[in-house]
Amino acid sequence: MSRLNSLLLFLVMLLALPAFGQKLTVRNFEDRPQDMDAQSNTLEKRDRNGKRAAIIKIYTSLPSSELTFGGSGQGFAGQEQHGPGQVWLYVPRASQKVTISHPKYDPLTFYYPSDIKEGRVYSMILSPEGKEVSLSASARNAEIWIDGDSVGVSPITTFIPYGTHAVRAKLGSLLFDDDINIERDGPNQFSLQMEDENLKYGDVVVDVDGGAELWFQGRREGVGQFASHLRGDDYVIEARKKDHEPATTTFRVVPGQVTHVQANAPTPHLGYLKLATEPEHGVIVTQADTIIETNPDMQLPVANYEWTFSRRGYNPVTRRFHITRGETLVDTVILKKIQYVPSNTVYASVGFMAASNMGVAFTIGGMIKSIDLSVSYNLGLGKSKEVNWYNETDNIFDQAVAYRVDELAARIGYGLRFAERFGLTPQVGFLQQRLIAKDKPGNGFTVNNVSVGARLTWHPVPHLGIFLTPEYCIPIGDKGDIANVCSLAGITRGGFRGYIGLSVNL
């Protein structure tokens, strides 16, 4: 055999050694005469001779699937798993030994202390080879764990397999957490010196801008801020936010101190907006009353935006944009001039009439494609001179009557807009004057007139205007003895008049 082959064989043998040499041991083999499980009709099993098999209840921390049982001349009547860490082996009577194999340990041949009896229950503890060890923590009654399993409180004596084991003792804030090595010729007693964990911990407060989520050790711990009490060490925290690239921050917790950390904020994903406005200049863009600086080509974080575009003399426009990662959105926002003098509207107005017969005029009207139609009623404010009335039979004085003059008018016109806030509407119409003196002679006498005039409006703000309407009325027909009554009362039929007041566009 060559030297190289010999060396390879030696290396293979060295690698194989850890799989052997380690041993299993049986502890506390007991006869359990009070346990009647082997006598139960539902649990019993029979050996080859038809006799009830005995049950050996094997308690072990080793995986039962890795255990193999042999060594019985008559074979076993059965093997069952009963919960974690418990195997039932059905053994024929008069059996003397059992061989237990495991891939990690040397095979174990165990001879029973006495012959196995029919239908009897026995128990054993199977574990890797070890020894009884005394563990004493510096704080009495501290709970002790070995390899993650609780074994009781300090002081305690327990069986521990040979090898290195993680031992933990805890009482309140006092803690021991370290490895111990159990050796065949090593010590049988271990003193666990506990330390106050509070002296190893510090407080930390982590802040992050933009309302980002803070994730620590795989868990979401808060939004915008995270506070904790941690063991002194280096840690990493991650900030996350929708449509953003996560950002990590490394920080160190110093025991006994408060550490403030400003975490790195997530980086927003970006998109593009190509924006134009009409008119091009003088447009102010706001978002929630904050002015936004814009340009034709913008790079923006991925999000939904709601912007308001405004310019003096124009109606504001609110537009929503959704910016998508890596994509370009193209849009044009068109602002329309404010219609101070609308070509289509419904309006109502009230004004003072200045004429020989003063009054207050109420008007409602509408404009459709600049065609203006309106109806008004003028309530007379003053009284005329008194008119003496005589009995027609004997011409004897009857009474003196003073009149109020009310007017009803309908007009049609065409609206002209010769400036942004000014409007002019030439009008023609029909106006009827009526004498009012309740239950008196002459009450209800009317004069019909044809009117010619114009309505001039000035709108300081949309929907509200100040109007001035000069008008000339020509009488075209009298009813009753109105001409004579008007002459005696000093009432002018028709003639020039003017209206001034406020108009509201609805």
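Which residue is the bridge partner of I144 in β11? In this predicted model, the bridge partner of I144 in that strand is G152.

**The sheet around β10 and β11**

Strand β10, which covers residues 143-146, runs antiparallel to β11 and is joined to β11 by four bridges. Both strands belong to an open sheet of five strands, whose order is β11-β10-β13-β14-β16 and whose pairing is antiparallel. The edges of this sheet are formed by β11 (149-153) and β16 (195-196), each of which pairs on one side only. In general, the strands of a sheet pair through backbone hydrogen bonds, in either a parallel or an antiparallel manner.

**A patch of negative charge**

On the surface, D147, D149, D178 and D179 gather in a patch of negative charge. One of these residues, D179, lies in strand β14, which spans residues 174-182, and D179 counts as partly exposed because its relative accessibility is 48%, where partly exposed refers to values between the 20% limit for buried and the 50% limit for exposed residues.

**Salt bridges**

The structure holds 23 salt bridges, and three of them are set out below with the separation of their closest N and O atoms and with the relative accessible area of each partner.

| Acidic residue (relative accessible area) | Basic residue (relative accessible area) | Closest N and O atoms |
|---|---|---|
| D35 (16%) | R32 (27%) | 3.9 Å |
| D37 (22%) | K57 (5%) | 2.6 Å |
| E420 (41%) | R421 (22%) | 3.9 Å |

The residues R32, D35, D37 and K57 are linked in a network of salt bridges. Within this network, D35 forms a salt bridge with R32; D35 is buried, since its relative accessible area is 16%, whereas R32, with a relative accessible area of 27%, is partly exposed.

D37 forms a salt bridge with K57, with the closest N and O atoms 2.6 Å apart. D37 lies in the loop between β1 (24-31) and β2 (54-60), while K57 lies in strand β2, so this pair ties together parts that are 20 residues apart in sequence. The two partners can also be described by their accessibility: D37 is partly exposed at 22%, and K57 is buried, with a relative accessible area of 5%.

The remaining pair of the table joins E420 and R421 in a salt bridge. E420 is partly exposed, with a relative accessible area of 41%, and R421 is likewise partly exposed, at 22%.

Notes: Residues numbered from 1 in each chain as written. Predicted model: local features only at pLDDT ≥ 70, side-chain atom pairs only at ≥ 80, totals over all residues. Heavy atoms only, no water. Patch = residues over 30% accessible without salt bridge, like charges linked within 9 Å, V, L, I, M, F, W, Y side chains within 5 Å. Areas by Shrake-Rupley, 256 points an atom, 1.4 Å probe, with all protein chains shown as cover. Salt bridge = Lys/Arg side-chain N within 4 Å of Asp/Glu carboxyl O. Lys, Arg positive; Asp, Glu negative; His and termini not counted. Charge placed at Lys NZ, Arg CZ, Asp CG, Glu CD. Helix = DSSP H or I, 4+ residues; strand = E, 2+ residues; numbered from the N terminus. Buried < 20%, exposed > 50% of the residue type's maximum accessible area, 1.4 Å probe, protein only. Pairing = 2+ DSSP bridges.
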